[in-house]
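Biologist: I am new to this structure. Please take me closely through one part of it, the place where the chains meet.

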Amino acid sequence: MSQPLVIIVSGGSRGLGRSLVERLLGQGHCVATFSRTQTEFIEQLMAESDLEKRFHYEAFNAADVVSLRSFVQAVHGKFGRLDALINNVAIAHDGLLAMTSETDIQQMLDVNLRATFVLAKESSRLMLVQGAGCIIQISSVVAQVGYRGLSVYSATKAGLEGLTRSLARELGSRGIRVNAVAPGFLETDMSEGLSDSQREQIIRRTPLGRIGDASDIGPCIDFLLSPGADFITGQVITVDGGASV
Amino acid sequence: MTEIRQSVEAVVHRVLLDSGRATIPLSDDDELAQTIGLSSLDIAVVVVALEQQLGIDPFRENVPTVRTFGDLVTLYEDAVKH
């Protein structure tokens with residue numbers, strides 16, 4: 001492997017974030033993540049003495065802007081640089097907009113949008129001084145395809161895609177690429193609430209005939225982090241078995 | 001020359017050199033964009049590099065009007081004092 005990268009994966013304690021943290025650590029990279037609470041998975045990583053120099057974790061709420069900023073600075077302090085940010089942290093409150101509380105709306109704005117903006121800002125500052133970097137937003141197919149019960153979540157993911165395009169224009173001249181990956185429905189904690197009939201409907205509408213899982217997203221992330229993607233920026237890559245076509 | 005002025009000048013010079021541009025002696029009236037040739041991204045790099053060196057960023061909470069090299073130096077000297 002070429003030189004290991006220093007990568008932040010936001011929201012890496014469960015679901016897709018956990019899968020990406022495991023994958024990137026397994027590839028020999030240095031990985032930093034945070035989540036609201038420390039899970040058993042995180043405890044296991046922190047107990048491994050081999051990972052002490054390659055893994056950094058903090059527990060805080062993504063809505064806390066001050067903690068977001070100090071986290072990025074702590075990562076830079078520990079590893080001396082920051083090569084990539086994978087903006088994965090997100091919250092989804094499922095339900096009709098007419099019945100969604102303003103508290104839940106604000107929480108999704110704070111975590112899915114503001115935290116993402118602040119992490120991208122703080123990371124891009126370091127990457128500008130380095131003259132290189134890679135930012136990958138984790139979006140969702142629902143940013144482009146309507147889905148009943150996910151209106152606010154969809155709006156926040158559509159916002160990330162707008163951020164991706166404009167930030168790519170802003171930072172491209174300094175060797176910083178910004179792209180997004182839009183997974184379809186995945187077998188993760190966030191899709192646990194799907195009923196059997198909803199799952200069957202998704203599978204029927206998917207040309208490749210199954211619901212994806214987190215391991216389907218990893219290879220796309222690998223590619224976007226690699227020199228093979230050196231001429232790709234401002235793009236949204238959908239990984240959903242064709243369900244949205 | 002104050003230490004802060006030296007730091008600001010050194011960072012500006014490094015930004016120019018890193019992008020293949022020649023450095024010039026800097027005076028207070030030199031406009032950051034028109035005279036020195038710093039783009040908005042260059043200024044962002046200067047601000048971050050100074051934050052890494054001095055531990056302060058006067059642009060964090062609001063964006064003051066900074067037109068000349070002298071404005072920039074004064075901004076950082078005032079920030080260090082407070």
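Modeller: What follows is a walk across the contact of chain A and chain B, with a short look at chain A beyond it. Keep in mind that this is a predicted model.

Start with the extent of the contact. Chain A brings 13 residues and chain B brings 13 residues. The size of an interface is often given as the accessible area lost when the parts come together. Here chain A and chain B bury about 1000 Å² between them. Carbon and sulfur atoms account for 50% of that area. On the side of chain A, Arg125(A), Val129(A) and Arg174(A) lose the most area to chain B. Together they make up 54% of what that side buries.

Now the charges. Four salt bridges are counted between chain A and chain B. Polar contact across this interface involves five residue pairs, with both residues at pLDDT 80 or more. Which helices of chain A touch chain B? α3 (65-79), α4 (102-130) and α5 of chain A each supply at least two residues to that side. α4(A) gives the most, with six residues.

Take the bridges one at a time. Arg60(B) pairs with Glu122(A), and their closest N and O atoms are 2.5 Å apart. Arg60(B) sits in the loop between α2 (40-54) and α3 (69-81) of chain B, while Glu122(A) belongs to helix α4 of chain A, so this pair joins two chains. Both Arg60(B) and Glu122(A) are buried.

Next comes Asp57(B). Its side chain meets that of Arg125(A) in a salt bridge, at 2.8 Å from N to O. Arg125(A) is also one of the three residues of chain A that lose the most area to chain B.

These residues do not stand alone. Arg69(A), Glu122(A), Arg125(A), Glu51(B), Asp57(B) and Arg60(B) are linked in a network of salt bridges.

Another bridge brings in Arg174(A). Its side chain meets that of Asp42(B), at 2.9 Å from N to O. The pair runs from helix α2 of chain B, where Asp42(B) lies, to the loop between α5 and β6 of chain A, where Arg174(A) lies. Is each partner buried or partly exposed? Asp42(B) counts as buried, because its relative accessibility is 2% and buried means under 20%. Arg174(A), at 22%, counts as partly exposed.

Step back to the whole structure. The search finds 17 salt bridges over all chains. One of them lies within chain A: Arg23(A) meets Asp222(A), with the closest N and O atoms 2.6 Å apart. Arg23(A) is in helix α1 and Asp222(A) in helix α7 (residues 218-225), so far along the chain that 199 residues separate them. Arg23(A) is partly exposed, with a relative accessible area of 29%.

Follow that helix for a moment. α1 of chain A covers residues 15-26. Its twelve residues reach 17 Å from first C-alpha to last, close to the 16 Å expected. Among its buried residues are Leu16(A), Leu20(A) and Leu24(A). Gly28(A) follows α1(A) and has a positive phi, near 95°.

Last, the rings. Four aromatic pairs are counted over all chains. In one of them, Tyr147(A) and Phe185(A), the ring centres are 5.0 Å apart and the planes stand at 55°, so the pair is tilted. Tyr147(A) is partly exposed at 25% relative accessibility, and Phe185(A) is partly exposed at 23%. Elsewhere, Phe34(A), Phe60(A) and Phe71(A) form one aromatic cluster.

Technical notes
Residues numbered from 1 in each chain as written. Chains lettered and ligands numbered in written order. Predicted model: local features only at pLDDT ≥ 70, side-chain atom pairs only at ≥ 80, totals over all residues. Heavy atoms only, no water. Phe/Tyr/Trp six-rings, centres within 6.5 Å; stacked < 30°, edge-to-face > 60°. Buried < 20%, exposed > 50% of the residue type's maximum accessible area, 1.4 Å probe, protein only. Helix = DSSP H or I, 4+ residues; strand = E, 2+ residues; numbered from the N terminus. Expected span 1.5 Å × (residues − 1). Contact = heavy atoms within 4.5 Å. Buried area = accessible area lost by both parts, 1.4 Å probe. Polar contact = N/O pair within 3.5 Å; in protein donor to acceptor, adjacent residues only side chain to side chain.
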